[in-house]
Amino acid sequence: MKIVKEIEALKSVLNHVRGTFPSIGLVPTMGALHQGHLALIRAAKSQSDYVVVSIFVNPIQFNQVKDFENYPNTLEFDLELLKKEMVDLVFIPSTKEIYPKQVGLSLSFPNFDNMLEGKFRPGHFNGVGIVVAKLLHLVQPDLAFFGQKDLQQAYVINLLVEGLSFGVKIVVVPTVREEDGLAFSSRNLRLGLAERKIAPKLYETLSLAKKRLLHKKTWQEVKRTLTKELEGIDSLKLEYFELVRLPDFVIVQHCAADAEFALCIAAHLGDIRLIDNEIIGFHPE
Ligand code: AMP
């Protein structure tokens, strides 16, 4: 497994790789790897001939300095995992390498910037869009792999690559969960014992809501009762719980039978912010 820290070295390795391997798959991550990341890597291994994993904690996508500073770093452990998964190349650039100077542009996603993650994390999708665009240009993969866990992000990236003709196929991999339903997330490492016990409530809520909607309960009623339950839990602060229409992420008040929807939730447990989602009427491969 090659470990590369500099852009020039990355380009030189990949120039050689391109002549030898029919397809390159890229899995962008921020490290502190877990089973969710491994699912993306395994999908990349099965669908492409040469797999690049990037580990870069992107400062410009964090809207809270503390969240950035406290982001877990388990690099040694990550590299061991990646070796075991037979990843071909790991790209671990420094912040200076990716941002030698301030980026003098911004990306806006008008249908997303004021919605859910875009609304509660101002500037987040600009930061995500810029770093993903950079990584896609540097690696020039045939396929790039993202998690359903960050559903809105996956749609934003799709918009970016389609809108600007990047010529890369975006593959969205279903969310991987712990046994109790909690979606794997690097931030789970920072949950206290009490918060960790409460955390599965998010997915429990999504699953119950989906079940009730499929049993023809109204969204107003489902949202009201489940929100009330969550608001009764000490140390959980609900940020949003919405039903959105896909693919445009418009917040809706009811489901129609012939479209796809997603239930999206975000909450703070102590200092940690968690998000999750459940798709209704959509079955990813
Ligand atoms: P991160 O390191 O948190 O930026 O995540 C890197 C990629 O892994 C993103 O595309 C995430 O959506 C994806 N990911 C994170 N957690 C999960 C999970 N539990 N299941 C599937 N994919 C995930």
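Two strands pair if DSSP finds at least two bridges between them. With that in mind, welcome to this structure, which is a predicted model. We start with a hairpin, then look at the sheet around it, a pair of helices, and a few single residues.

**The hairpin and its sheet**

Strand 9, covering residues 260-269, pairs with strand 10 in the antiparallel sense, and 9 bridges join the two. One of these links can be picked out by its residues: isoleucine 265 has aspartate 276 in strand 10 as its bridge partner. Between the strands of this hairpin lie 2 residues, and glycine 270 takes a positive phi near 60° there.

The hairpin belongs to something wider. An open sheet is formed by 4 strands, in the order 8-7-9-10, with antiparallel pairing. At its edges are strand 8 (250-251) and strand 10 (272-280), each of which pairs on one side only. Helix 10 packs on this sheet, where it touches strand 7 (236-246), strand 9 and strand 10; the direction of the helix makes about 25° with that of strand 10.

Is strand 10 buried or exposed, given its place at an edge? Of its 9 residues, 9 are buried, so strand 10 is largely enclosed by the rest of the structure. In a regular strand, side chains alternate between the two faces of the sheet. Both faces of strand 10 are covered: on one side Ile272, Leu274, Asp276, Glu278 and Ile280 are buried, and on the other Arg273, Ile275, Asn277 and Ile279 are buried too.

**A pair of helices**

Helix 10 also has a helix for a partner. Two packed helices are described by the angle between their axes and the distance between the axes. The axes of helix 10 (residues 201-214) and helix 11 (residues 219-231) come within 10 Å and cross at roughly 160°. Angles over 145 degrees count as roughly antiparallel, and therefore helix 10 and helix 11 are described as roughly antiparallel to each other. Their crossing is right-handed.

Which residues of helix 10 and helix 11 meet? From helix 10 come Lys201, Thr205, Leu208, Ala209, Arg212 and Leu213, and from helix 11 come Trp219, Val222, Thr225, Leu226 and Leu230. Sorted by class, this contact has 7 nonpolar, 2 polar and 2 charged residues.

**Three residues to find**

The table gives the place and relative accessible area of three single residues.

| Residue | Place | Relative accessible area |
|---|---|---|
| Methionine 1 | segment before strand 1 (2-4) | 36%, partly exposed |
| Histidine 34 | loop between strand 2 (24-29) and helix 2 (35-47) | 15%, buried |
| Threonine 218 | loop between helix 10 and helix 11 | 41%, partly exposed |

Each of these has company elsewhere in the chain. Leaving aside residues up to four places away in sequence, methionine 1 touches Leu79, Leu82, Lys83, Val87, Asp88 and Val90. The C-alpha atoms of methionine 1 and serine 12 are separated by 16 Å, with the two residues 11 apart along the chain.

Histidine 34, again without its neighbours within four places in sequence, is in contact with Phe184, Ser185 and Ser186.

Threonine 218 and histidine 254 are 36 residues apart in sequence, and their C-alpha atoms are 6.8 Å apart in space.

Note on methods:
Residues numbered from 1 in each chain as written. Predicted model: local features only at pLDDT ≥ 70, side-chain atom pairs only at ≥ 80, totals over all residues. Heavy atoms only, no water. Axes fitted to C-alpha atoms, helices over the stretch in contact; angles between N-to-C directions. Parallel < 35°, antiparallel > 145°, perpendicular 65-115°, else oblique. Left-handed = near helix turned anticlockwise from the far one by under 90°. Contact = heavy atoms within 4.5 Å. Nonpolar A, V, L, I, M, F, W, Y, C, P; charged D, E, K, R; others polar. Buried < 20%, exposed > 50% of the residue type's maximum accessible area, 1.4 Å probe, protein only.
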